[in-house]
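Welcome! Take a moment to look over the sequence and turn the structure around before reading on.

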Amino acid sequence: MIAVEIIGGLFAGPGASDYLGEPVAIGVHMLQAGALAEAADAEDPLVAAALLHDIGHLTWERDDEPRAGLGGSSSRAGSAGDRHGEAGARWLSQWFGGAVTEPVRLHVAAKRYLCATEPGYLGLLSAESVRTLVWQGGPMKPDERAAFEALPHARDAVAVRRWDDAAKDPAVAPPGFAHFAPLLAALVRA
Ligand code: FE
């Protein structure tokens, strides 16, 4: 299955060495998120979404990504900080349907949504997540919240977001990519 081999190559290559200011490599982070989704008995497409939520960081030019304090704020609310979600979803859409790609696309928006709707959520975020929140547009405004809630995969995106936030523990050794390969292979469109 070529798609699964390509994705596995990203986990083994850049994913193994890339850190986004978090205590674990991005590949380990995504494997932890996938394992948390699996432990929560999520449907297979949602496990895949959790596993692949940050793949956009590994498939596009990181130099395009604005950084806090470097003039990275966007005039269109959220657009700049959403790009790794958008990029990941677009890249994954060559093989997977919306039940996988939409939570990936929306997982940054889900952080902004939770910051606006859940008292205390901000306090659970890693320092890096708080830092990036600013150029991602900050907590959602009421009209943005309503628009987000109306999206078909909003709840799935929020679920991915919670696993994302919990998947930064250097003491946790997640299963390897091979553990998830059959699940991914079964989800690839014919
Ligand atoms: Fe993440």
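The report below goes from the overall fold to the metal site, the cores and two closer looks.

**How to read the model**

This is a predicted model, in which local features need pLDDT of at least 70 and side-chain atom pairs count only at pLDDT 80 or more, while totals for chains, interfaces and linings use all residues. Residues are numbered from 1 along each chain as its sequence is written, and side-chain values use heavy atoms, with hydrogens and water left out.

The pLDDT is the predictor's confidence in each residue, from 0 to 100. Its mean over the protein chain is 89, and 88% of the residues reach 70 or more. Residues 66–80 have a pLDDT below 50, and this stretch has 22 contacts in the model beyond near neighbours in sequence. Where pLDDT is low, the predicted coordinates should not be read in detail.

**Overall fold**

The protein chain has 12 helices and 0 strands; helices (H or I, at least four residues) and strands (E, at least two) are DSSP runs, numbered from the N terminus. Of its 190 residues, 51% are buried. Here buried means under 20% relative accessible area, exposed means over 50%, and partly exposed lies in between (1.4 Å probe, protein chains only). A contact means heavy atoms within 4.5 Å. Among contacts between residues at least 6 apart in sequence, 75% join residues at least 24 apart.

**The iron site**

Which residues hold the iron ion? It is coordinated by the four atoms in the table, at 2.2 to 2.3 Å.

| Residue | Donor atom |
|---|---|
| His 29 | NE2 |
| His 53 | NE2 |
| Asp 54 | OD |
| Asp 164 | OD |

Donors are N, O and S atoms within 2.8 Å of the metal (3.2 Å for Na, K and Ca); water is not among the atoms, so sites may look incomplete. The 4 donor atoms subtend angles of 77 to 169°, which makes the arrangement irregular. Four donors would count as tetrahedral if all angles lay between 85 and 135 degrees, and four as square planar or six as octahedral if opposite donors were over 155 degrees apart and all others between 65 and 115; anything else is irregular. Along the sequence, the donor residues follow the spacing H-x23-H-D-x109-D. Both His 53 and Asp 54 are buried.

**The nonpolar cores**

A nonpolar core is a set of buried Ala, Val, Leu, Ile, Met, Phe, Trp, Tyr and Cys residues joined through side-chain atoms within 4.5 Å. The largest has 36 residues, and those touching the most other members are Ile 7, Phe 11, Leu 52, Ile 55, Phe 96, Phe 177 and Leu 184. Helix 4 gives the most to this core, with 7 residues. Setting aside neighbours within four places in sequence, Phe 11 has contacts that include Met 30, Leu 51, Ile 55 and Phe 177. A second, separate core of 14 residues includes Ala 109, Met 140, Phe 148 and Ala 157.

**Two closer looks**

In helix 9 (residues 127–135), the buried residues are Glu 128, Ser 129, Thr 132, Leu 133 and Trp 135. They cover an arc of only 160° around the axis, which puts them on the same side of helix 9; the arc is that of the directions from the helix axis to the C-beta atoms. The face turned away from that buried side carries the exposed residues Ala 127 and Val 134. Among the elements covering the buried residues are helix 7 (98–117) and helix 11 (154–166).

Arg 162 is found in helix 11. At 38% relative accessibility, Arg 162 counts as partly exposed. Not counting residues up to four places away in sequence, Arg 162 touches Leu 114 and Glu 118.
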